[in-house]
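Please look over the model below. A few questions on its core and its salt bridges come after it.

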Amino acid sequence: MRRSARQLLAVSIVLVHMQASQAQEPAESAYVCPAGDITYAFPAPSDGTVELEIAIAETVDPALAGRFSLEQAERRGILTLYTNGDYSVIARGSSYSVQEGDYDPFPCQLQLAQSVAGPLPSEPDTNALAALPAQSWGGNVRSGPGTNFSILTSLAQGTPITLIENTGIDYNGYPWFEIAHPNGTGFHWGGIICGTGESIPGTFETCN
């Protein structure tokens, strides 16, 4: 019953946003981000603003539902951040996710009104790396590229990691990297990463 309710809510959100969708994306489309009993949805960003709508299942506090305007707050490399302080939409190329406060972000998919389309093909990612091996000098792995994102885990000095992508978002002279580590993936600051065997741009020297 709860699953059916969420599906109906998601479809209704898409239909609501059919007329609001802008020319940059196909007509009659919206980004839908399911998060358990809560569903986030929004049309393609327009004029530096995201119109985020939150729908809920019947078991959730109705005060959580609503519609919010999120303003563009930051643009670094392929990443653009829209936020109102409570909710954030993170755009990385054509990939979107929604984050509430310090919780982990939920991925979004572009859906047509008839729910027959998957996500748009990803744009070429010039920051993607060829799975470069590296090590951590020791420090936190976060859910996003910044100290405002929640801590997923901490790595000990010498932990082997693989660099997936340089996000292009700098902090104190070093960029944040998307990485794979022994227990999963996340984001690690380049100032506490060293290259194994050769120097990697954006990281702190080479490992001993």
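The questions and answers below deal with packing and charged pairs.

This is a predicted model, in which local features need pLDDT of at least 70, side-chain atom pairs count only at pLDDT 80 or more, and totals for chains, interfaces and linings use all residues. Residues are numbered from 1 along each chain as its sequence is written, and side-chain values use heavy atoms, with hydrogens and water left out.

Reader: Which strand gives the most residues to the largest nonpolar core?

Author: A nonpolar core is a set of buried Ala, Val, Leu, Ile, Met, Phe, Trp, Tyr and Cys residues joined through side-chain atoms within 4.5 Å. Buried means under 20% relative accessible area, exposed over 50%, partly exposed in between (1.4 Å probe, protein chains only). Strands (DSSP runs of E, at least two residues, numbered from the N terminus) that give two or more residues here are S1, S2, S3, S6 and S7. The top contributor, with 4 residues, is S3.

Reader: Is Glu 53, the salt-bridge partner of Arg 67, buried or exposed?

Author: A salt bridge is a side-chain nitrogen of Lys or Arg within 4 Å of a carboxyl oxygen of Asp or Glu, and Arg 67 and Glu 53 meet at 2.9 Å, N to O. Arg 67 counts as exposed because its relative accessibility is 55%. With 14% relative accessibility, Glu 53 counts as buried.

Reader: How many residues apart in sequence are the parts that Glu 165 and Arg 92 tie together?

Author: The side chains of Glu 165 and Arg 92 meet in a salt bridge of 2.0 Å, N to O. Glu 165 lies in strand S13 and Arg 92 in strand S6, so the parts tied together are apart in sequence by 73 residues.
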